[in-house]
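Thank you all for coming. I would like to walk you through one structure, beginning with how far it can be trusted and then turning to a few places where its parts meet.

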Amino acid sequence: MRRLAPRPALLAGSLAAVAVALIPLVYLGVRTTEAGGARIRAELLTGTTLDLAAVSLSLAAVVTAGCLLLGVGAAYLVTRTDLPLRRTFGVVAALPLAMPTYVAAFGWVSIVDGFHGFWPTALVLTFCSYPYVYLPAAAALISVDPATEEVSQSLGRGAWRTFTGVTLRQIRPAVVAGGLLVALYVLSDFGAVALLRVNTFTRAVFTSFDLGFDRTGALVQATALVAVTLVILGAELAVRRHDTRYAKVGAGARRPPHILRLGPWRAPALLAMAAVAAGSFAVPAAALVHWTAEGVSRPGSLAEIATAAGNSMGVSALGAALTMLLALPIGLLAARAPGPLAAVLDRLTYLTHALPGLVVGLSLVFFGINVAYPLYQTQWLLALAYATLFLPLAVGAVAAAAAQSPPSLEEAARSLGRGPWTVLRTVTLPLTLPGIGAGAALVFLTCMKELPATLLLRPTGMDTLATELWTHTSVAAYAAASPYAALLVLLSAAPVLVLARRALTPGGRP
């Protein structure tokens, strides 16, 4: 019988890491209950809260539907058709991931008068979020066994019936998981909805806290948003369990699928892909280029940009280091001692990951003031926010690298009399170092782009690229904001290109 804790040291480290990751969730719950049941009911049942819920859920539904359409359509065109320049479009379609939503919103607002409201916000969020569906769908389309599609076509079914009845069913787990991820992302977004003036939960919570007139109401609204995100996360898990019935046994055929000839539809398909690339990346990038030329000409601007970039890289490096430190025991436990306990600990890290950065930042403000005051107004509290937000990214990288390294080498080292810590230092860590490095790079770049928690938790007087961009765009100083936005995009483009190439490579891990 498998022991409950086959790796006591890893289990202890995992429990400590999960406890740290759940601090925002626990503290938010404690402070919300202090308001009392009557106040909570009064806040939740107001027309304002109901309006916020309606707008937030409507925006998530519209953006998710748009992302499903664009993501699956783009993935199919670049992997299964004779679309001109399809390899180029395969990479270009992933580039919007390098464009933070508040940067894209800034680009559109700076060149289009009156660009604000529900539908412009939905357009920007769709353009920025559809790669979350596109990348897994493209990877699934490349790796799926083409034999079932060939059988369908041999039975007289056309391309459309084969796609909807066979292909889409095979890639549905990846598509649905991407769609649900988009829904969570939209509910947690703050930068785009704030710049484009749409009243969602995240904007209302930030406004209530920033102005300071109703912090209890902000806590209750944040808790309502947490409940919505947890419901969506639960739905994602349920859908994944349901979709296991579509998994196939074996690796399947490693041969290219049949390429559909578009014929007269080649030109419209090419124009559609070009339009999506223009709206999602080219238009905001062109605005950045235009305004950056004016922004860097201001006296002292280069020094300000350099200072903000240095602050961003410093606190992001601290956040990445703390995140990897917390992720290491959880990832190693999941790879070396898989079982129900390891799975539960792994899933617990996603609870805070499902929360908006605004909620995490708000929770850690109260936590720092009332529980850990020495951390308040320090970079360590901001690094803690990054760690709680992005811990699953690091855990996945460590677990994947550890799972690919042979455990027999560790067993051989232990058989030679080496202790657990010696084995960890001389064998396990060197074997998992590539995964640790990849996870650290991913977390570092994600921290660079994070806005809400950084706005709330950065020490007084410390500005980052994200906060400087937000400060200037909030007063329509587009020339001053654009250099910060351009640098953020450039720093994010490299990992996105790597991600796209891996997703479009057979057997690659997106």
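Over residues 244–253 the pLDDT stays under 50, and for this stretch the model, which is a predicted one, has 6 contacts beyond four places in sequence. Where pLDDT is low, the predicted coordinates should not be read in detail. For the chain taken together, the mean pLDDT is 78, with 77% of the residues reaching 70 or more. If we go through the elements of the chain, the lowest mean pLDDT, 63, belongs to helix 9, which covers residues 147–154, while the highest, 93, belongs to helix 7. At the start of the numbering, residues 1–5 also have a pLDDT below 50, and this stretch makes 4 contacts in the model beyond near neighbours in sequence.

Let me stay with helix 7, and ask how its axis lies relative to that of helix 8. Helix 7 spans residues 118–129 and helix 8 spans residues 131–143, and their axes come within 6 Å of each other, crossing at roughly 30 degrees. Because angles under 35 degrees count as roughly parallel, helix 7 is described as roughly parallel to helix 8. The residues that meet are F127, C128 and S129 on the helix 7 side and P131, Y132 and V133 on the helix 8 side. Sorted by class, this contact has 5 nonpolar residues and 1 polar residue, with no charged ones.

Now to the aromatic rings, where a search of the whole structure finds 5 pairs. In one of them, the ring centres of F118 and W119 are 5.1 Å apart and the planes stand at 80 degrees, so the pair is edge-to-face. F118 counts as partly exposed, at 23% relative accessibility, whereas W119 is exposed, with a relative accessible area of 60%. Another pair joins Y132 and Y185, whose ring centres are 5.5 Å apart with planes at 45 degrees, so this one is tilted. Since Y132 lies in helix 8 and Y185 in helix 10, residues 159–188, the pair ties together parts that are 53 residues apart in sequence. Y132 is partly exposed, with a relative accessible area of 27%, and Y185 is partly exposed as well, at 26%.

Finally, a word on A61, which has its place in helix 4, residues 47–80. With a relative accessible area of 47%, A61 is partly exposed, and its C-alpha atom is separated by 9.4 Å from that of V182, although the two residues are 121 residues apart along the chain.

Conventions. Residues numbered from 1 in each chain as written. Predicted model: local features only at pLDDT ≥ 70, side-chain atom pairs only at ≥ 80, totals over all residues. Heavy atoms only, no water. Axes fitted to C-alpha atoms, helices over the stretch in contact; angles between N-to-C directions. Helix = DSSP H or I, 4+ residues; strand = E, 2+ residues; numbered from the N terminus. Parallel < 35°, antiparallel > 145°, perpendicular 65-115°, else oblique. Contact = heavy atoms within 4.5 Å. Nonpolar A, V, L, I, M, F, W, Y, C, P; charged D, E, K, R; others polar. Buried < 20%, exposed > 50% of the residue type's maximum accessible area, 1.4 Å probe, protein only. Phe/Tyr/Trp six-rings, centres within 6.5 Å; stacked < 30°, edge-to-face > 60°. pLDDT = per-residue confidence, 0-100.
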